[in-house]
Amino acid sequence: MAANVDSYIAGHWVAPGSAAQDIHSAVTGEVIARAGCDPLDTPSMLSIARDNAGPALREMTFHERANRLKALATLLNDNKEALTELSFHTGATRKDSAVDIDGGVGTLFVFASKAKRELPDERVLMDGDTELLSRNGTFLGQHIYTSKPGVAVQINAFNFPVWGMLEKLGPALLAGVPSIIKPATVTSYLTAACFKLMIESDLFPQGTMQLIAGRPGDLFENLTAQDQVSFTGSAVTALQLRSNSHLLQHSVPFNAEQDSLNSTVLGADVTAGSDEFDLFVKEICTEMTTKAGQKCTAIRRIMVPAHLHDDIAEAVSAKLSEVTIGDPQLEDTDMGPLVSHSQRQDVTDNAALIGSEAQLVFGDDALICNGADGEKGAFVTPKLYSCKTPDTAQYVHTTEAFGPVATLMSYKNTQHAATLLNSGGGSLVASVVTEDTTFARELTIASAAYHGRLYFNNRKSMKESTGHGSPLPHMTHGGPGRAGGGEELGGIRAVKHHMQRTSIQGGADILGAICNRYIVGGAQTSSDIHPFRKTFHELVLGETLKAGPRKISIDDIEHFADFTGDTFYAHMDEEAAKANPFFPGRVAHGYLLLSFAAGLFVDPDPGPVLANTGLNGLSFQKPVVAGDSISVALTVKSKKLRNSEYGEVRWHVALSNQDGEQVATYELHTMNAIELSA
Ligand code: NAP
């Protein structure tokens, strides 16, 4: 009996309604599930998200949300096998499922760990440095990000039922924004199975995640500028949805990841039979056949130097002929079926359009299916076309056959390769196999603006490279023009997409209070207890230790030079130093000043300060000569808890001379214990 794909609306599971339709196994054609809902209770959905989940999520810091995200990823990781079993019905082989399921779970892990490392344990995120907006520094500017109090509506394509959901969900959760997820109906049973695990985990407040197994009804008509729509799917649907007049009228952000005519280019430096030649052929075949070519990043157009056209056609055809098509569950099957019969019809129609401009080089043979009925399942053979007139052809550059179909074409020189690359009108990714660094740079300058990602590969990187078609959580995914003009992933950028950037202008104390850190120019406090004697939690932002002065002598400079070996002329030779435009004569080493500063501010005995882990933003602003005296001010700037034992403290350090002029500043990092050891 077919399983119902329930929606999860306002805390309740809702069975398919009047709009329910059958979903067929891609492999056998049997009905395996039913999905499609009655009109939704939109007010309740939005209310539970905006009024219950949103405030609870925003009460948490980035780190608290990251901890829960990691727990969620761990839970899904433990359930990957059950999801993989279900995934066979979509036509995915075990390898294909790894891209979707393991890839999705891995993406959550990466986001959780990046958030812990790169975001503050805070609710407000600073963006860039403080801007000095006035001569005396009493009026400053700071960009910040805060979470939007809305919902993220996430509409996904059929081809990545798990990854598609998780790569959008992770960043939204970190930003503190609840999600309403709408998977593509045809593979919604797999998304729903993964979603159910997440709901049952109870890791997030009620209303954080909802699922629409069907159409979103009047949801768009109830969104505001604090909400957003993130769409992945075809260009046709993207255009229809983003043209919604309510969305346009209310400036509701709409991010589109849509189809794209991705390409690969072989450098003219590559010779037949070389490592790069074999790599190029292998990547093409992998991209054509993984998920039966149903990948938004799959290679659709192949550009090679004219003299290698026939060699590549032959080598790719030979490799494609080794691909075993059939039941994705069988270990020796390389490529499963397309997701549905209607998808097969779509691919066949689009391949025919391409075929009107190009000759079929591979894919004419009768379909042989390994352990499956080729007619009952949505099986196809890969098709390689060759287009001899790419400059005048249209369909080869504009038609996405969302299956194992690609077209080979020749280029004459670098500019021609770029012109062909760019004629896709904007893509998610273009890959280039070459060792020629000049070619790589020239092609980048001529075509990077047309592609979301450029992927270079050769014998030096091929062993560790991640593949033309793999969007990575660390790097942005999306592309201009035809690819939708959107952007997802890209590390913490993806979190920021769910937050509002605001420029804050005011005095240092106001800005510091908003950002929960000391900002230079803000109030400094003193304490009778040396800050190195205070535990992590006892330290107060703005707390300042002033120490010095210490006079610098010529003996100090010479001793430091001899001891370290740094006998640079500016410290040792009066005449030569004077001739230098920056110095009045022999000057103290910058590192000597840092060392003396530490000598002034440290408290030597064992205590809560565990280690000095680095410094940032060191600048020497005025030379210090023998006879000058330096003083130091050490101020607690920010604190970040690392674990239950210690946290990182960042200090603003300012060195000044006997006239009160600042000579050097930097940010010092220390690890400080939460408790004093007995
Ligand atoms: P699609 O037909 O455009 O559908 C995409 C999503 O939109 C599905 O969830 C679909 O739901 C929904 N949808 C369609 N009409 C809607 C409407 N009127 N109101 C609300 N939702 C609606 O695309 P697909 O066939 O699933 O996916 C294949 C396409 O996605 C390919 O063109 C591929 O290139 C592209 N893609 C792009 C990326 C990327 O990152 N750029 C990634 C993956 C796929 P139903 O299933 O219920 O119709």
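**Close-up 1. H498 sits in a loop between helix 15 and strand 22.** In this predicted model, the loop that holds H498 connects helix 15 (492-496) to strand 22 (499-506). Is H498 buried or exposed? With a relative accessible area of 6%, H498 is buried, because buried means under 20% relative accessible area. The side chain of H498 reaches back to the backbone oxygen of A494, at 3.1 Å. Leaving aside residues up to four places away in sequence, H498 touches S147, K148, A152, K168, P171, A172, A175, V177 and Q228.

**Close-up 2. Helix 5 gives the largest nonpolar core its largest share of residues.** Here you are looking into a core of 53 residues, in which V5, L69, L72, L166, F195, M198 and M209 have the most contacts. At least two residues of this core come from each of strand 5 (31-35), helix 2 (62-77), helix 4 (94-118), helix 5 (163-175), helix 6 (188-201), strand 10 (209-211) and helix 15. Helix 5 supplies eight residues of the core. To explore the contacts yourself, try M198: it touches L72, L75, L76, M165, L166, L169 and M209, not counting residues up to four places away in sequence. A second core, separate from this one, has 32 residues, including M409, L420, L421 and L443.

**Close-up 3. Strands 1, 5 and 4 form an open sheet.** The order of the three strands is 1-5-4, and their pairing is mixed. Strand 1 (3-4) and strand 4 (21-24) are the edge strands; each has a single partner strand, so one side of each is left without a neighbour in the sheet. Between strand 4 and strand 5, the pairing is antiparallel and runs over four bridges. To find your place in this pair, look for Q21, whose bridge partner in strand 5 is A35.

**Close-up 4. Five strands make an open antiparallel sheet.** Reading across the sheet, the order is 23-25-26-27-24. Which strands stand at the edges? They are strand 23 (544-551) and strand 24 (609-620), and each has a single partner strand, so one side of each is left without a neighbour in the sheet. On average, neighbouring strands of this sheet are turned by 25 degrees against each other, direction ignored. Strand 24 pairs with strand 27 (residues 662-673) in the antiparallel sense over eight bridges. A handy landmark here is V609, whose bridge partner in strand 27 is N672.

**Close-up 5. Helix 20 lies across the five strands 23, 24, 25, 26 and 27.** Helix 20 covers residues 590-601 and runs at about 75 degrees to strand 25 (629-641). Does its span come out as expected, or not? At 1.5 Å a residue, the 12 residues of helix 20 should span 16 Å, and the end C-alpha atoms are 17 Å apart, which agrees. The buried residues of helix 20 are G590, L592, L593, L594, F596, A597 and F601. Their cover includes strand 23, helix 17 (554-564), strand 24, strand 25, strand 26 and strand 27.

**Close-up 6. S656 lies in strand 26.** Strand 26 takes in residues 646-656. Not counting residues up to four places away in sequence, S656 touches S629, I630, S631, E661, Q662 and V663. K622 is 34 residues apart from S656 along the chain, and the C-alpha atoms of the two are separated by 9.1 Å.

**Close-up 7. Three spots show backbone details worth a look: P549, A10 and D202.** Start with the peptide bond from G548 to P549, which is cis, with omega near 5 degrees. P549 has its place in strand 23. Next comes A10, in the loop between strand 2 (7-9) and strand 3 (12-14). Phi of A10 is near 50 degrees, a positive value in a residue other than glycine. Finally, D202 is found in the loop between helix 6 and strand 10. Phi of D202 is also positive, at about 60 degrees, although D202 is not a glycine. With a relative accessible area of 64%, D202 is exposed.

Definitions and conventions. Residues numbered from 1 in each chain as written. Predicted model: local features only at pLDDT ≥ 70, side-chain atom pairs only at ≥ 80, totals over all residues. Heavy atoms only, no water. Buried < 20%, exposed > 50% of the residue type's maximum accessible area, 1.4 Å probe, protein only. Polar contact = N/O pair within 3.5 Å; in protein donor to acceptor, adjacent residues only side chain to side chain. Contact = heavy atoms within 4.5 Å. Pairing = 2+ DSSP bridges. Axes fitted to C-alpha atoms, helices over the stretch in contact; angles between N-to-C directions. Expected span 1.5 Å × (residues − 1). Core = buried A, V, L, I, M, F, W, Y, C linked by side-chain atoms within 4.5 Å.
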